[in-house]
Amino acid sequence: MDDISKRLEVYIKSHKFDGGTSECETVLDQIYQAYAESHESDPPEISNGFKELEEFLETLPLDDNNAVFNRCCRLCTAYEHKAFLDGLQYGAHLIRELHK
């Protein structure tokens, strides 16, 4: 296992990460971007939650409605991004533990 780790480290050091035209700074961010772009539609639980949110927001003036909706979407996206990266990192740690 140490030999593979050393070879991987040499490879990583000799092949700099190229994010292309993406604004991603890390490979994990680039994997998340590909994941996020591959979503075709939200599951019913999320779609229904947005319908409920829209019903609540209808009572607010348009500017307030938009502000709350946009903030909610930004929070959801940030949480999804964190959960995705955490999942990959937990998976990597699990693989390391299983190979000890």
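Here is a friendly exchange about the helices, rings and charged pairs of this predicted model.

Me: Before we start, what counts in this model, and how are residues numbered?
Reply: Numbering starts from 1 along each chain as its sequence is written, and because the model is predicted, local features need pLDDT of at least 70 and side-chain atom pairs count only at pLDDT 80 or more. Totals for chains, interfaces and linings use all residues, while side-chain values rest on heavy atoms, with hydrogens and water left out.

Me: Thanks! What makes Tyr-32 and Tyr-35 a tilted pair?
Reply: Rings of Phe, Tyr and Trp (its six-membered ring) pair if their centres lie within 6.5 Å, and planes under 30 degrees apart count as stacked, over 60 as edge-to-face and the rest as tilted. A search of the whole structure gives four aromatic pairs. For Tyr-32 and Tyr-35 the centres are 6.0 Å apart and the planes at 45°, so the pair is tilted.

Me: Where do Tyr-32 and Tyr-35 sit along their helix?
Reply: Both belong to helix H2 (residues 27–37), and being three residues apart there, they are separated by about one helical turn. Helices here are DSSP runs (H or I, at least four residues), numbered from the N terminus. Ring pairs also bring in Phe-84, linking Tyr-32, Tyr-35 and Phe-84 into a cluster.

Me: Why is Tyr-32 called buried?
Reply: Buried means under 20% relative accessible area, exposed means over 50%, and partly exposed is in between (1.4 Å probe, protein chains only). Tyr-32 has 9%, so the residue is buried. Tyr-35 has 31%, so this residue counts as partly exposed.

Me: How do you know that the length of helix H4 agrees with its residue count?
Reply: The expected span of a helix is 1.5 Å times one less than its number of residues. Helix H4 (residues 62–98) has 37 residues and should therefore span 54 Å; its end C-alpha atoms are 53 Å apart, which agrees.

Me: Which residues of H4 are buried, and what covers them?
Reply: Asn-65, Phe-84 and Leu-85 are buried in H4. The cover over the buried residues of H4 includes H2 and helix H3 (44–57).

Me: What makes Asn-65 buried, and what does it touch?
Reply: Asn-65 has a relative accessible area of 17%, so the residue is buried. Not counting residues up to four places away in sequence, Asn-65 touches Leu-57, Glu-58 and Leu-60, where contact means heavy atoms within 4.5 Å.

Me: Why is the contact between Arg-7 and Asp-3 called a salt bridge?
Reply: A salt bridge needs a side-chain nitrogen of Lys or Arg within 4 Å of a carboxyl oxygen of Asp or Glu. The closest N and O atoms of Arg-7 and Asp-3 are 3.2 Å apart, so the pair forms a salt bridge. Side chains of opposite charge can pair when their charged atoms come close. Arg-7 and Asp-3 are four residues apart in helix H1, so about one helical turn separates them. With 54%, Arg-7 is exposed, whereas Asp-3, with 49%, is partly exposed.

Me: How many salt bridges does the whole structure hold, and which residues pair with Glu-9 and Asp-86?
Reply: The search finds three salt bridges. Glu-9 pairs with Lys-13, with the closest N and O atoms 3.0 Å apart, and these two are four residues apart in helix H1, about one helical turn. Glu-9 is partly exposed at 42%, and Lys-13 is exposed at 63%. Asp-86 pairs with Lys-82, the closest N and O atoms being 2.5 Å apart. Asp-86 and Lys-82 are four residues apart in helix H4, again about one helical turn, and Asp-86 is partly exposed at 22%.

Me: What makes Tyr-11 partly exposed, and which helix holds this residue?
Reply: Tyr-11 has 49% relative accessibility, so the residue counts as partly exposed, and it lies in helix H1 (residues 2–14).

Me: How far apart are Gly-91 and Glu-58?
Reply: They are 33 residues apart in sequence and 42 Å apart in space, C-alpha to C-alpha. Gly-91 lies in helix H4 and is partly exposed, with a relative accessible area of 26%.
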